[in-house]
Amino acid sequence: MADNRFIKKMRRRKRNKERRLKLLSCILMLTAFLFLIPIIFTVCNSFMTEQEISANYGMIFETGESGAKPYISETVNLKFIPDKVTLEQYKTVLLKSPDYLLKFWNSVILVVPIVVFQLLVALFAAYGFTRYRGRIREIIFFAYIILMLMPYQVTLVPNFLVSKWLNLIDTNWAIWLPGIFSPFAVFLLTKYMRRIPYGILEAAKVDGAGEFQIFRHICVPLCKGALTSVAILIFIDYWNMVEQPLILLADSDMHPLSVFLSKINTGEIALAFAVASIYLVPTLLVYLYGEDYLVEGIAYQGGIKG
């Protein structure tokens with residue numbers, strides 16, 4: 001009897017656990033769908049005709065005589081399925097209007113060097129903070145944390161003044177230099193490297209490996225997942241930047257595509273949906289490529305996979 005009761009109790013616990021897991025899965029799926037709605041909405045509307053988009057959303061972008069947004073008395077018609085599917089917006093963006101492609105390549109030119117060189121700077125700085133500890137280095141690392149906690153708007157004016165003093169305004173260097181030496185990647189990689197068992201590094205040193213060999217053959221391979229994770233976060237952050245180009249680049253021809261998307265007017269609503277859909281592609285590809293490394297970076301704990 002006791003054994004039967006125990007078996008029934010375990011089965012009941014198993015069924016309850018399965019119900020909780022199903023409920024949790026449903027909640028997570030619903031949450032994920034809610035987060036995906038804006039993306040689905042943007043992509044679906046990019047295939048609508050310009051007349052249909054203007055009829056549905058034109059009232060949102062209208063301005064009054066004083067330039068202020070008028071009160072919207074009508075109900076905005078949010079549609080996911082177009083009445084007529086068209087590729088005219090994509091033809092305009094990709095074939096008929098080189099300005100959009102130019103701004104897209106401006107985004108690539110501004111973001112890719114920041115990602116590559118910020119990772120290089122962060123790798124060497126993180127190795128230094130990991131291998132050589134002391135009062136002064138801890139104070140410097142604490143300063144990095146303070147800078148990382150500050151929103152970019154706080155440091156935007158000092159960046160502008162320094163760029164003006166160096167005659168870098170209206171050049172890509174005004175965007176590159178603050179991005180390359182951002183403390184974000186240094187902080188994350190330092191925390192990750194400090195989880196590598198100290199005995200591994202010391203064993204390599206006893207075997208005759210120099211500091212650069214330890215850095216290249218031990219630290220960098222063990223940080224592969226973390227590097228990919230940080231690269232994805234850096235890319236997404238700077239791919240969507242708006243304030244920096246607006247303040248540091250007066251020439252609109254040098255602005256990235258993200259600035260154009262922040263200046264949508266009534267006549268460009270249809271094109272904006274197509275441009276936004278194209279603008280999503282690099283971010284999506286970067287995430288899909290680094291998804292496995294991103295999971296590995298989370299699961300990897302100090303040289304031992306969990």
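A cavity here is a set of grid points where a 1.4 Å probe fits but cannot get out. With that in mind, let us walk through this predicted model, starting with its enclosed space and then turning to one of its helices.

Counting cavities of 30 Å³ or more gives one. The largest cavity holds about 40 Å³ of space. If you would like to find it in the structure, look for its lining: Tyr152, Ala174, Ile175, Pro178, Gly179, Tyr238, Gln244 and Leu248. Two elements, α7 (173–180) and α12 (243–248), each supply two or more residues to this lining. Of the elements, α7 contributes the most, with four residues. As for chemistry, the lining of the largest cavity has six nonpolar residues and two polar ones, while no charged residue takes part.

Now let us move along to helix α10, which covers residues 211–222. Does its length fit what one would expect of a helix, and how do its residues face? The 12 residues of α10 should span 16 Å at 1.5 Å a residue, and the C-alpha atoms at its ends lie 15 Å apart, so the two values agree.

Next comes the way α10 is turned. Its buried residues are Ile214, Phe215, Ile218, Cys219 and Leu222. Because these residues cover an arc of only 125 degrees around the axis, they sit on the same side of α10. Turn to the other side of the helix and you will meet Phe212, Arg216 and His217, which are exposed. Taken together, α10 has a buried side that includes Phe215 and Ile218, and an opposite side where Arg216 is one of the exposed residues.

Terms used
Residues are numbered from 1 along each chain as its sequence is written. This is a predicted model: local features need pLDDT of at least 70, side-chain atom pairs count only at pLDDT 80 or more; totals for chains, interfaces and linings use all residues. Side-chain values use heavy atoms; hydrogens and water are left out. On a 1 Å grid over the protein atoms alone, a cavity is a set of points where a 1.4 Å probe fits but cannot get out, and a pocket is an open set with protein on both sides within 12 Å along at least five of seven lines; lining residues have an atom within 4 Å of a point. Grid points are joined across faces, edges and corners, and a volume is the space filled by probe spheres set on the points. Ala, Val, Leu, Ile, Met, Phe, Trp, Tyr, Cys and Pro count as nonpolar, Asp, Glu, Lys and Arg as charged, and the others, Gly among them, as polar. The expected span of a helix is 1.5 Å times one less than its number of residues. Buried means under 20% relative accessible area, exposed over 50%, partly exposed in between (1.4 Å probe, protein chains only). The arc is that of the directions from the helix axis to the C-beta atoms.
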